[in-house]
Amino acid sequence: MKRYDTRQRELLIAFLQQHPDQTLSVQQIAQELCAQQISLSAVYRNLSQLEGEGLIRKSVKPGDRGVYYQYMGTSACQTHLHMSCTRCGKTFHMDAEHTSQLTRAMSELDGFELDLLHTVLYGVCHHCRQA
């Protein structure tokens with residue numbers, strides 16, 4: 001499928017780049033972009049293309065039937081595991097050394113190669129545990 005660099009696509013990418021630590025639903029994205037006259041169908045179409053290009057990751061959260069998207073266009077996102085808080089919804093990068101230790105151990109001990117782009121660890125962040 002041919003890709004077009006439309007104004008809608010550019011605005012969507014710019015919005016996602018401004019929220020790299022968040023997983024956002026289509027409804028949240030569309031609501032934020034509605035003032036810029038981007039239709040819901042354009043959001044869906046562009047998210048599908050961006051996912052195919054590896055610029056965003058689609059995920060589901062435990063106990064939630066919704067689908068969420070996160071911008072993955074930075075090199076940091078492609079070389080770190082992501083940890084997502086089930087209370088506040090914020091997504092964090094795992095420290096690079098910890099990511100490396102975990103993936104190396106999985107490979108050496110279990111012969112399993114972890115896909116960093118499609119893996120999210122769910123739990124409760126430090127801030128929410130303190131609250």
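C88 is partly exposed in this predicted model, with a relative accessible area of 43%. Its sulfur is not part of a disulfide: the nearest cysteine sulfur belongs to C85 and is 3.7 Å away. Because a disulfide requires two cysteine sulfur atoms within 2.5 Å, the C88 and C85 pair, at 3.7 Å, is not counted. C125 is in a comparable position with respect to bonding, as C125 is in no disulfide and has the sulfur of C128 as its nearest cysteine sulfur, 3.6 Å away. C125, however, counts as buried, at 13% relative accessibility. The count of disulfides comes to zero.

With the cysteines in mind, let's step back to the whole chain. Six helices and six strands make up its secondary structure, and reading along the sequence gives the order α-β-α-α-β-β-α-β-β-α-β-α. The C-alpha trace spans about 50 × 40 × 25 Å along its principal axes. Of the 131 residues, 34% count as buried.

Now turn to strand β4, which covers residues 82-85 and contains H82. Is H82 buried or exposed? H82 is buried, because its relative accessible area is 0% and the buried class takes in everything under 20%. Its side chain still has polar partners. One of them is the side chain of R57, in a polar contact of 3.2 Å. Another is the side chain of H93, which H82 meets at 3.4 Å.

Salt bridges come next, and the model has two of them. The side chains of R9 and E53 form one, with an N to O distance of 2.7 Å. This pair ties together distant parts of the chain: R9 sits in helix α1 (residues 7-17), while E53 sits in the loop between α3 and β2 (56-60), 44 residues apart. The two partners differ in their surroundings, since R9 is buried with a relative accessible area of 3%, whereas E53 is partly exposed at 34%. The other salt bridge joins the side chains of K58 and E51, with 4.0 Å from N to O. Here K58 is partly exposed, with a relative accessible area of 41%, and E51 counts as partly exposed too, at 32%.

Helix α3 covers residues 40-52, and S41 is found in it. S41 is partly exposed, with a relative accessible area of 47%. It makes a useful landmark for the layout of the chain: S41 and C85 are 44 residues apart in sequence, and their C-alpha atoms are 29 Å apart in space.

Our last stop is helix α5, residues 96-110. How far apart should the ends of its 15 residues be? At 1.5 Å a residue the expected span is 21 Å, and the end C-alpha atoms are indeed 21 Å apart, so the two values agree. At the start of α5, a side-chain oxygen of D95 comes to within 3.0 Å of the backbone nitrogen of E97. After the helix comes G111, with a positive phi near 65 degrees.

Within α5 you will also find L102, which is partly exposed with a relative accessible area of 31%. L102 joins M83 and L121 in making a nonpolar surface patch of about 200 Å². Patch residues need over 30% relative accessible area, so L102, at 31%, meets that requirement.

Definitions and conventions:
Residues are numbered from 1 along each chain as its sequence is written. This is a predicted model: local features need pLDDT of at least 70, side-chain atom pairs count only at pLDDT 80 or more; totals for chains, interfaces and linings use all residues. Side-chain values use heavy atoms; hydrogens and water are left out. Helices (H or I, at least four residues) and strands (E, at least two) are DSSP runs, numbered from the N terminus. The expected span of a helix is 1.5 Å times one less than its number of residues. A polar contact is a pair of N or O atoms within 3.5 Å; within protein, one must be able to donate a hydrogen and the other to accept it, and residues adjacent in sequence count only if both atoms are side-chain atoms. Patches are made of residues with over 30% relative accessible area and no salt bridge: like charges are joined within 9 Å, nonpolar side chains (Val, Leu, Ile, Met, Phe, Trp, Tyr) within 5 Å. Accessible areas come from the Shrake-Rupley method with a 1.4 Å probe; for residues, only the protein chains shown count as cover. Buried means under 20% relative accessible area, exposed over 50%, partly exposed in between (1.4 Å probe, protein chains only).
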